[in-house]
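Here are my notes on the model you sent, set out as numbered points. I begin with the chain as a whole and then turn to single elements and side chains.

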Amino acid sequence: MASGNSCFDDPRNKPEVIDPPRNEDVLDIGENVDENAQNAVKPNVAVSSSVRELLECPVCLNAMYPPISQCSNGHTLCSGCKPRMHNRCPTCRHELGNIRCLALEKVAASLELQCKYQNFGCIGIYPYYSKLKHESQCAFRPYNCPYAGSDCSAVGDIPFLVSHLKNDHKVDMHCGSTFNHRYVKSNPHEVENATWMLTVFSCYGQYFCLHFEAFQLGMSPAYIAFLRFMGDDNEAKNYSYSLEVGGNGRKVVFQGVPRSIRDSHRKVRDSFDGLIIQRNMALFFSGGDRKELKLRVTGRIWKEH
């Protein structure tokens, strides 16, 4: 383990689990309007809690979008919940009918709101109906922890996650763009869908996660190794990597582009986007009496020009 290397020392002074920022004065809603309106940075807009409550469905408590329904007494609810109410207002129990609250829809359309990731660096202001769409793609939205050995709920930016992986998950950290790892298991026949190892590499000013694990390939047990890029997909495409495993005069080679950690570990694994070795071949590579797994996986990362 190379956790003492300077390239991994304290990416942040005080790493801690970061929850997505909350702002009670800003509505967390909106989608489906012209993308051109999203690009302009506008003055700060505050929306009062009373307006927030008006736009909140009393049944599901989510933000309401057109068509917003109302009863004859003026109580509103979202179009998704209306069919479940059997034509009865959830507030006063009067018949709902087909009244649409155009006034509230127009109020929502006039609102411009801050992105909920403003504390992570996003300074944009977005129309009500496009805010949700923007937030699903916001470049400043935090990343999920890439560690696959547990259901970790930590989220944050890349420096935070590097510190989190090193200090909380005790992940091996290495500097450099080449690697030579040996994976040993005394009884591989007992392994089912087991995540074995995550290693983080620092090179080219970026961080990469190397995964190696056992999984089921149809009815056959197999092993997979793949690389993920700690950043967005548009940056990941600037890099390539190769993996090689072999033994007894034979070898298997894989070359590809690292997937962003925006894609979950399971999504990458289940798409078979990596070096796959079926168990029989892995034991053949291991030599001996085929009762112990001894795989040596080598590889390198390079930047495309």
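1. A residue is called buried here when its relative accessible area is under 20%. The model is a predicted one, and by that cut-off 43% of the 305 residues of the protein chain count as buried.

2. As to the overall make-up, the protein chain has 17 strands and seven helices. Among contacts between residues at least 6 apart in sequence, 60% join residues at least 24 apart. The accessible surface of the protein chain comes to about 16,000 Å², and carbon and sulfur atoms account for 46% of that area.

3. Helix α4, which spans residues 158-167, is largely enclosed by the rest of the structure, because eight of its ten residues are buried. The buried residues are Ile 158, Phe 160, Leu 161, Val 162, Ser 163, His 164, Leu 165 and Lys 166, a list in which polar side chains such as Ser 163, His 164 and Lys 166 also appear. At the start of α4, a side-chain oxygen of Asp 157 comes to within 3.0 Å of the backbone nitrogen of Phe 160.

4. Leu 198, in strand β10 (residues 195-203), has a relative accessible area of 8% and is therefore buried. Once its neighbours within four places in sequence are left aside, Leu 198 is in contact with Pro 146, Tyr 147, Leu 165, Val 171, Asp 172, Cys 209, Leu 210 and His 211; one of these, Leu 165, is among the buried residues of α4. Between Leu 198 and Met 173, which are 25 residues apart in sequence, the C-alpha to C-alpha separation is 9.3 Å.

5. The count of aromatic pairs comes to 14. In one of them, Tyr 241 and Phe 254 are tilted, with 5.8 Å from centre to centre and 55 degrees between the planes. Because Tyr 241 lies in strand β13 (residues 239-247) and Phe 254 in strand β14 (residues 250-256), this pair ties together parts that are 13 residues apart in sequence. Tyr 241 counts as buried at 1% relative accessibility, and Phe 254 likewise counts as buried, at 16%.

6. Which residues form one aromatic cluster? They are Tyr 204, Phe 208, Phe 229 and Tyr 239.

7. Two arginines should also be looked at in relation to aromatic rings. Arg 262 lies over the face of Tyr 143, at 3.8 Å from the ring centre, while Arg 300 lies over the face of Trp 302, at 4.0 Å from the ring centre.

Technical notes. Residues numbered from 1 in each chain as written. Predicted model: local features only at pLDDT ≥ 70, side-chain atom pairs only at ≥ 80, totals over all residues. Heavy atoms only, no water. Buried < 20%, exposed > 50% of the residue type's maximum accessible area, 1.4 Å probe, protein only. Helix = DSSP H or I, 4+ residues; strand = E, 2+ residues; numbered from the N terminus. Polar contact = N/O pair within 3.5 Å; in protein donor to acceptor, adjacent residues only side chain to side chain. Contact = heavy atoms within 4.5 Å. Areas by Shrake-Rupley, 256 points an atom, 1.4 Å probe, with all protein chains shown as cover. Phe/Tyr/Trp six-rings, centres within 6.5 Å; stacked < 30°, edge-to-face > 60°. Lys NZ or Arg CZ within 6 Å of the ring centre and 35° of its normal.
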